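This report covers a sheet and the packing of side chains. The model is a predicted one.

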Amino acid sequence: MEGMSRLNLVGSSPAFQQVLRSLHRLAEVDATVLIGGETGTGKELAARALHYIGPRSGRPFIPVNCGGLSDNLLESELFGHERGAFTDARRSNAGLVSEAQGGTLFLDEIDTLSPRGQGSLLRFLQDKSYRRVGASSQNYADVRVVVASNADLQAMAQDRQFRKDLLYRLNVLHIQMPPLRERPGDAVELARLFLVRLCSRYQKPDKYLHEDALSFIQRYDWPGNVRELENLIHRDFLLCDGDALRCIDACRQLLPQALNGADRSCFSEAKADAIADFERRFVRELLAQAGGSITQAARLAGKDRSAFGKLVRKYGIAEPLNGLSLG
Ligand SMILES: Nc1ncnc2c1ncn2[C@@H]1O[C@H](COP(=O)(O)OP(=O)(O)OP(=O)(O)O)[C@@H](O)[C@H]1O
Ligand SMILES: [Mg+2]
């Protein structure tokens, strides 16, 4: 897996190892691949892997965001145009397909392709021949086409939002990138990778993930997948003073269950809270039993008076129990 380590596709979970095996198999053939998966799961990285571990690696990898293709310039952007082909065409333009010659054309967010774009692409995929706008002759493209989408293309085809015939052409081979929540252990592995990269990028001494961060990373369900994890580690890296990342803000903001004591995300915080709860109740009860006398309550607790007094002050128990004297 030499090529893979260069691309740094990290993850040891069975689901991800399966993806790596598929990438290796599909890199060797030329058929069109459709890469599916939720946002941030690594679809573009997978497309690059297909290119760079395959026989076309010495030729260009050309990514195209279909959402960014304007409808009336679409054919010209993809297939190029001759000089004077339309009003603004002062110079000829080779087009993205020709730029990718010999390599891989990666059409990202394929679900955002307009109906017109879908028609052009379908025609192109039938025999990979195309005509520059304004040209009379046909060209043949030696490109491998890889497309990606986080939308449910089958459902879109059912609803007639995406052409079925195009979907069949695209979906010859399929890779589904699993969401991070279905990749046990991978989030921590990736977090460590990102941390190492950040330390070297910012030339900082090594940092590590505190047990609070580890517990959070393992328990959160990562709706934004690897990208969300990468951004979070980056933010925490920049904000952290010491050498340990704790992900405290994320813990508080992202785990709503962190607010009810039974299901706390951060072990040490939960532990500190549990101890505080216990101490508060303990002090209150003893004070009540001792009729408000700290000296007597301390005796009941088997503690010395000043240590017990400290607890009373720590929890501000003096105020609710009116008339209690700390003196
Ligand atoms: N297995 C992995 N190992 C290392 N880095 C990864 C892995 N998967 C994803 N990443 C990183 O996570 C980020 C998101 O990946 P990528 O852009 O490929 O996702 P995507 O599926 O195309 O997302 P979107 O649907 O939002 O376009 C990138 O910075 C990528 O390098
Ligand atoms: Mg992407």
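Thr104 has Arg144 of strand S6 as its bridge partner. Strands S3 and S6 run parallel to each other in this pairing, which spans four bridges. Strands of a sheet pair through hydrogen bonds of the backbone, in either a parallel or an antiparallel sense.

The sheet itself is open and has five strands, in the order S2-S3-S6-S1-S7, with parallel pairing. At its edges lie S2 and S7 (173-176), each of which pairs on one side only. From one strand to the next, the twist averages 20 degrees.

Strands of the sheet also take part in the largest nonpolar core, which has 31 residues. Within this core, the residues that touch the most other members are Leu105, Leu107, Ile110, Leu121, Phe124, Phe162 and Leu170. The table lists the elements that each give two or more residues to the core.

| Element | Residues |
|---|---|
| Strand S2 | 61-65 |
| Helix H4 | 74-79 |
| Helix H5 | 96-99 |
| Strand S3 | 104-108 |
| Helix H6 | 115-127 |
| Strand S6 | 144-149 |
| Helix H7 | 153-158 |
| Helix H8 | 164-170 |

The greatest contribution comes from H6, which gives four residues. Which residues does Ile110 contact, leaving aside its neighbours within four places in sequence? They are Cys66, Leu121, Val147, Ala148, Ser149, Leu153, Phe162 and Leu170.

A second core, separate from this one, consists of 29 residues. Among them are Leu190, Ala191, Leu214 and Phe216.

Definitions and conventions:
Residues numbered from 1 in each chain as written. Chains lettered and ligands numbered in written order. Predicted model: local features only at pLDDT ≥ 70, side-chain atom pairs only at ≥ 80, totals over all residues. Heavy atoms only, no water. Core = buried A, V, L, I, M, F, W, Y, C linked by side-chain atoms within 4.5 Å. Buried < 20%, exposed > 50% of the residue type's maximum accessible area, 1.4 Å probe, protein only. Contact = heavy atoms within 4.5 Å. Pairing = 2+ DSSP bridges. Axes fitted to C-alpha atoms, helices over the stretch in contact; angles between N-to-C directions.
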